[in-house]
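Open the model in your viewer and keep the sequence panel beside it. We will go from the whole chain to a few selections.

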Amino acid sequence: MNPDFTICIPIVAATLEEAIRDIEKARTYTDLVELRLDHFDNINPGKLQTLLAHCKRAIVTCRSPQQGGKIAISDEKQFQLLTAAIDLKAAYIDIEYNSKNLPALLPRCKKTRAIVSYHNFEQTPSLNELQTIYKTIDSQRPQLVKIVTRANSINDCFTIFELLRWKKNLVAFCMGLNGEISRILAPKYGSRLTFAGLTDDKTSAPGQIDIHQMQTVYRVPKINADTKCIGVIGEYAEHSRSKYLHNPLFELHKLNYVFLPFRVAASELAEFLQNFRKFDFWGAAVTIPHKIAIMPYLDDIDETAHSIGAVNTVLNFNGQLMGCNTDRTGAMHALKQHCNLDGTRILVLGAGGATRAILYGLKNEDVRVTVVNRTEAKARELAGEYAFDWGNSADLARLIREHDIIINTTSVGMHPFVDDSPIGASGLEPGKVVMDIVYNPMQTRLIRDAETAGCHTITGENMLIYQAIQQYILWTGREVDFHEMGDFFYAQAKYSP
Ligand code: ATR
């Protein structure tokens, strides 16, 4: 545990009764809550006293609408409430850097500590600008300076990490979906607080993560300066389930690692990888749409990834980034767990990065493969590289009839387009094996249709799990048993939301 760091749960209730219930619930996770007085109907010093009596430690905040407050409270009322908080010996008051009440309130803070805060809901200013803001606030001698900005890109989080490395009396992180890693890694870079919603519908700012995720999935209270950061680099990384696999395994093996979603758009990849090196992140998984695009940015690519022509795993050796590929192992394990490949005819749908890994795995098997893709030229070219057949999408019904195993390697059916299927239900019949590599959701439309038709199905988490085990071995250097870890990962996949 990190003694200089606390997770704070904001209480965003409208009534006294609801707030007291929430304070009691919050106590099972942390001893620090933030009373957001701007969420209450008709708040007054008497009600504040009742609330504080239920809190072990509280930050009392009365935010203006310009700084993210919900209900407008006059300057006079803000002064009255925050003065009452000081008189009632609240642990902290949080007051905005530009509040008219700041000069009068700060000298009153003796037992109660003052947090002076700056919020920017539009963007993350440059490091220089943030340092100027910090200096202006710190010159008034509050105990803590809070700087919270909006991340328009994951790269903004690194500006905040730089800021945190620079000064110690800071609370700093980014809002918004792109700011998620800054909330999780707050204790690694020295933020004194991070905020987590009591539930995912009881949050007080955009992008706030709920306390269950923060504590149970990311193990934030255990994160410290030495924690090794690994994550999945993807345009929609927030949908990845890998965090539910790797984090529990790090916990089981008592490793000081954390697995995060790295939400990176194509235009942000180059800068993200510079930050990845600069901040010495330990490793990464790579997903749509970066498996091929990432290759020119890496220092080295191992033989398998090179032959496949795609990277799904990155290792950082002292700033030298090495690309590997575990999709082949994942796909072949998933297939062989469920069926005997010898002499089978396999129809592969798609011609992307994941397809390449699967074809590379199938090339040494006694199988006949046909590749079909929306963009036919890509199917023809890829099939040619492996001396496989290719087919035309217009012939799909016939091709399905003629093949024993059908593998979907396209992204069709993935959340949120859960009712899409890369093929119709016709031609699916008992005896055929249908494998989908889409795992979000596990029961894709294709899998549902195949089950209804009596096919044997292999859902997406099978490949996910086996490729993840090999990634885990690469990142941690641990020898783990594939079957034992497979069982562990299956249990996690089953119980994760
Ligand atoms: P990955 O690296 O995960 O394999 P990718 O390289 O972007 O991802 O490949 C995605 C695959 O899904 C491609 O085969 C793509 O077809 P195109 O080559 O024609 O782009 C396929 N795909 C994506 N959306 C599709 C859709 N709506 N219908 C059919 N195929 C689709």
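This tour visits the whole chain, then a group of strands, then one residue, then the ligand.

**Before you start.** This is a predicted model, in which local features need pLDDT of at least 70 and side-chain atom pairs count only at pLDDT 80 or more, while totals for chains, interfaces and linings use all residues. Residues are numbered from 1 along each chain as its sequence is written, and side-chain values use heavy atoms, with hydrogens and water left out.

**Whole chain.** Show the protein chain as a cartoon: you should find 19 helices and 20 strands. Helices (H or I, at least four residues) and strands (E, at least two) are DSSP runs, numbered from the N terminus. The C-alpha atoms fill a box of roughly 80 × 45 × 40 Å along the principal axes. Of the 497 residues, 58% are buried, meaning under 20% relative accessible area with a 1.4 Å probe, protein chains only.

**Strand 18.** Now select residues 405-408, which form strand 18. Which way do the side chains point? Ile-405 and Ile-407 point one way, Ile-406 and Asn-408 the other, and all are buried. In a regular strand, side chains alternate between the two faces of the sheet.

Add residues 344-349, strand 15, which runs parallel to strand 18 and is joined to it by four bridges; strands pair if DSSP finds at least two bridges between them. Here Leu-347 stands opposite Ile-406. Next add residues 433-436: this is strand 19, also parallel to strand 18 and joined to it by four bridges. Val-433 is the bridge partner of Ile-405.

**Thr-344.** Stay in strand 15 and pick Thr-344. Thr-344 counts as buried because its relative accessibility is 11%. Its side chain reaches the backbone oxygen of Leu-341 at 2.6 Å. Beyond neighbours within four places in sequence, Thr-344 is in contact (heavy atoms within 4.5 Å) with residues including Asp-404 and Ile-405.

**The ligand.** Finally, select the ligand and the 14 residues around it, each with a heavy atom within 4 Å. Ala-354, Asn-373, Arg-374, Thr-375 and Lys-378 come nearest. Measure from the ligand's oxygen atoms: a polar side-chain atom of Thr-375 lies 2.4 Å from one, a backbone N or O atom of Ala-354 lies 2.8 Å from one, and a polar backbone atom of Gly-353 is 3.0 Å from one. The protein covers 72% of the 650 Å² of accessible area that the ligand has on its own, by the Shrake-Rupley method with a 1.4 Å probe.

Methods:
Buried < 20%, exposed > 50% of the residue type's maximum accessible area, 1.4 Å probe, protein only. Polar contact = N/O pair within 3.5 Å; in protein donor to acceptor, adjacent residues only side chain to side chain.
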